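Trainee: Could we go through this model together, one question at a time?
Mentor: Gladly, let's have a look.

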Amino acid sequence: MEFGEDHYAIEYFARRGYRRRRCKSCGKYFWTLVERETCGEAPCEPYTFIGSPPVSKPYNLSEMRRAFLEFFEGKGHKIIAPYPVVPRWRKDLYLVSASIVDFQPHVTSGSTEPPANPLVISQPCIRMVDIDKVGPTLGRHLTIFEMGGAHAFNFPGREVYWKDRTVELCVEFMEGLGLREEETVFKEGVWAGGGNAGPCYEVIHSGLEIATLVFMNYKTLNGVLEELPVRTVDTGYGIERFSWLTQGTPSAFQVIYSGILDRVSELIEIPYPEEEPFTRYARYSAWIQPSSSLSLADARRKAAALAGVDLERLQPVLEKLEQVYKILDHTKSIVFILADGVVPSNSKVGYLARLLVRKTQRILELLGKKDILPELAALQIDYWGKDFPRLLEMRDEILDLITYEVKRFNESIVRGLAQLERELAAISKSGREIGAEYVARIYEERGLTPDLVLSTAKKLGIKTPAMEEVEERMISRHIEFPAREKEDERLVEAAQLTKDLPKTERLYYSDQYAAKFTATVLASTPKIVILDRTLFYPEGGGQVGDTGVLRWRGLEARVTDTQIVDGVIVHFIEGDQPPVGEVVWGEIDYERRLSIMRHHTATHILIGAARRVLGKHAWQMGAKKEAESARLDISHHAPLSRDEVLKIERLANEVVSKRLPVKISWLPRSLAEDRYGFTLYQGGEAPLGEIRVVEIEGWDAEACGGTHCANTAEVGFVKILKVERIQDGVVRLVYAAGPAAHRYVSESMKELESRLERVEEDLRQLKLGYSRLIENYQETVLKEMEQAASVSPPQLDRIERVVADLAARIWNYSKGYQKEEMVGNTRLIFDFRPVTNVAYFTSMAREAVKHNSPAAGLISGKLKTGMLIAAGVNRQLSRQGLSPRNIAERLGADKIQYIDDEVVVFEVTGKDVRTIYNEFKKLIESLQSSEE
């Protein structure tokens with residue numbers, strides 16, 4: 001794409017005596033007041049400001065930002081607060097890469113007014129395309145920087161200013177800093193981005209490009225330029241570069257991070273090269289442009305040779321310094337991205353956040369500082385938070401996310417490194433090599449950073465790609481423009497039918513509770529009907545399209561789905577086909593519509609609840625509102641606990657119960673953003689033009705085109721049905737509201753009752769099984785042991801006690817006893833056993849009284865001459881004065897077989913077991929009476 005000289009030859013240049021020249025080095029054209037052979041930009045010539053700044057007053061970053069904003073404010077521009085670095089108002093970009101992104105395409109296309117005109121902004125921008133150059137170029141390349149944007153939007157009939165005034169303002173600003181116009185070069189260029197394009201001037205001073213003046217008056221469509229109705233002045237002033245220029249330090253990092261370098265040095269050793277050779281080398285650092293065809297080592301050698309410095313002497317310190325610069329740059333980018341609610345993951349902007357965190361963590365590990373990333377992030381938050389309060393608001397969440405991500409990364413290394421070594425060993429044996437695609441895939445699948453993969457491969461003698469090639473491959477696949485979903489073939493057919501038809505009047509916005517309407521058929525096929533007006537809501541914003549019927553002259557067509565194509569609503573039908581011009585009576589499936597409305601309003605309630613429970617990083621990542629249920633996908637780094645789910649559900653239902661009004665308003669985009677902030681875009685990109693805001697007062701406000709209840713009470717109640725982690729960093733809530741929720745709860749209760757019945761039956765069978773097990777123990781095991789007792793009594797005694805204790809535990813656990821009752825505050829257990837055995841009875845009585853509160857047990861069995869009785873009491877009952885010996889005396893023991901502090905086993909002659917039980921019970925009652 002090129003523009004002719006006429007696009008650049010402006011009146012200002014002619015009036016001031018500028019001449020157009022062609023650079024003998026790069027071949028680009030430029031405009032200058034003085035004779036010169038090159039464009040003045042490094043690497044066509046070296047930096048001249050390093051060690052010799054062209055101004056007398058140095059500016060730090062904060063001072064330069066203020067000077068820039070105040071200058072343009074004084075020239076009639078309104079200062080606008082910076083936008084987030086994550087452009088949720090757009091679906092074609094993951095990160096804000098320039099200040100004009102804030103106003104594309106809604107303002108630049110003419111669809112809506114800007115927040116001010118002209119305006120000025122200092123916008124934090126993040127560009128990942130040159131991440132491999134951050135550090136080695138000493139500040140020429142950064143992943144995060146501030147772009148000072150002075151913008152004017154020239155609408156038809158409303159001219160603000162254009163090229164001449166833009167250049168004039170640029171010169172005035174620079175002269176105010178002390179930069180001479182004679183030393184400034186305006187280099188011709190072309191700018192394209194976000195679907196727009198235009199000629200531009202790159203503003204060069206002392207070898208450094210410090211601003212770009214873009215005149216955006218075209219849109220690009222399939223590679224063809226079409227003039228825009230709005231001509232936009234899009235200027236980008238590099239706030240960091242201007243500051244660097246005024247201070248003349250060898251690296252921009254010394255300027256950008258001057259306020260925290262001392263504190264950073266307490267955490268990491270910051271090496272400082274010898275000043276004179278470092279300064280000379282820095283003047284040629286623009287030649288350091290590593291790529292897939294030029295290694296970093298070769299680029300360094302080239303710069304050192306031009307500067308005339310000893311690279312071998314400088315390089316060890318330089319390499320360590322570059323790593324520190326990377327850490328500073330990357331941690332700043334990390335905190336700005338996470339502050340906008342991004343959760344590190346394997347997709348979209350979360351991928352870029354994770355890449356930055358893991359790259360930085362690897363650098364720290366190689367420096368022997370693996371535990372300090374959260375501390376470094378905290379330094380960045382506290383420092384930059386003074387100018388960008390959002391960082392301080394999100395401080396705790398940012399640090400939690402970083403800590404969690406570092407933990408995940410460490411786990412990935414432990415899991416994946418051994419597997420990688422085995423895999424690479426096999427590759428080494430086969431004599432193969434690995435490419436950039438392989439390294440990128442290993443990172444995406446197993447979380448192992450490229451340096452780990454490459455270093456492991458090199459140890460095994462495997463030929464590897466350059467790091468620059470790998471990072472270029474990784475970034476290019478995730479930097480912007482997500483893959484478009486496959487287009488619905490039905491809509492392709494519908495698009496042919498909708499050509500030249502007017503936009504459909506949307507009756508559902510006038511009254512979302514209306515069910516019937518009349519309309520005229522504008523177009524129809526056996527499958528599609530288009531009306532001039534309709535109550536049928538077309539699928540959009542996660543809400544499914546309405547269904548219903550169309551009737552005319554005794555005929556009927558069933559509407560099975562509703563979609564929208566360029567403002568024209570399309571009804572997909574089955575049945576009869578209405579002719580064009582026919583007046584039809586339409587009726588939507590009303591109960592279905594009401595259920596969908598409840599679910600859509602519930603979605604807004606739930607995202608508000610989720611953000612309050614999980615944190616402000618919890619953004620809506622997708623939603624689907626249907627009649628029977630709905631789903632909401634939320635960004636969150638960890639699986640939800642049951643307690644978190646219950647809190648979200650409880651908060652949501654509290655909002656329902658408050659009967660909060662749901663207000664609908666149409667607002668200009670800039671006014672809506674100013675009033676509600678950028679959480680407006682929870683549901684994603686909003687249509688061009690005015691924004692339809694759905695507000696639940698004091699709870700949630702979103703740009704949304706869906707149908708909603710008039711107040712939260714109409715939602716009924718919200719029930720979360722299922723929670724699942726659908727991908728790394730995304731949790732899905734499936735829920736129902738109103739009658740749909742009631743149906744779910746009713747069906748769930750029936751299912752639970754059915755399960756309870758089955759469990760009770762299983763317990764009965766289990767108890768019966770335990771009883772049979774115990775009887776088998778009594779009838780088989782005890783008899784066998786009695787017969788064997790004469791053979792080896794000591795060993796059998798020990799075995800008998802062990803087996804008896806086990807059987808008693810089974811008996812007590814299964815509640816295999818006949819009776820359990822409370823006598824006052826004492827738990828009393830009674831059982832009659834068909835087979836008697838002293839060891840077994842002792843164990844049963846002891847097991848029966850294992851409780852923290854007073855407990856007693858009575859076990860009985862029939863002997864030939866009377867009965868065998870075992871009675872037990874626990875310590876709580878013993879402290880009240882009841883001992884095993886007292887019990888034996890009161891119950892008329894004839895012969896004591898066993899006694900200790902807890903249990904007594906004795907024989908009685910000729911007594912009925914009921915009499916013994918009643919006497920034992922009276923003994924406990926009398927004990928409690930005396931206590932009172």
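What follows is a short talk about one helix and some salt bridges in this predicted model.

Trainee: Is helix 23 mostly enclosed or open, and how many of its residues are buried?
Mentor: Helix 23 covers residues 838-848, which makes 11 residues. Those that are buried include Tyr 840, Phe 841 and Met 844. The helix is largely enclosed by the rest of the structure because the number of its residues that are buried is nine.

Trainee: Which residue has a side-chain oxygen that reaches a backbone nitrogen at the start of helix 23?
Mentor: The backbone nitrogen belongs to Ala 839, one of the buried residues of the helix. The side-chain oxygen comes to within 3.0 Å of that nitrogen, and it belongs to Asn 837.

Trainee: Are Lys 133 and Asp 132 buried or exposed?
Mentor: Their side chains meet in a salt bridge, at 4.0 Å from N to O. Buried means under 20% relative accessible area. Lys 133 has 12%, and Asp 132 also has 12%, so both residues are buried.

Trainee: How many residues apart are Arg 558 and Asp 589?
Mentor: The side chains of Arg 558 and Asp 589 form a salt bridge of 2.4 Å, N to O. This pair links distant parts of the chain: Arg 558 sits in strand 15, while Asp 589 lies in the loop between strand 17 and helix 18. Arg 558 is partly exposed at 33%, and Asp 589 is partly exposed at 22%. Their separation along the chain is 31 residues.

Definitions and conventions. Residues are numbered from 1 along each chain as its sequence is written. This is a predicted model: local features need pLDDT of at least 70, side-chain atom pairs count only at pLDDT 80 or more; totals for chains, interfaces and linings use all residues. Side-chain values use heavy atoms; hydrogens and water are left out. Buried means under 20% relative accessible area, exposed over 50%, partly exposed in between (1.4 Å probe, protein chains only). Helices (H or I, at least four residues) and strands (E, at least two) are DSSP runs, numbered from the N terminus. A polar contact is a pair of N or O atoms within 3.5 Å; within protein, one must be able to donate a hydrogen and the other to accept it, and residues adjacent in sequence count only if both atoms are side-chain atoms.
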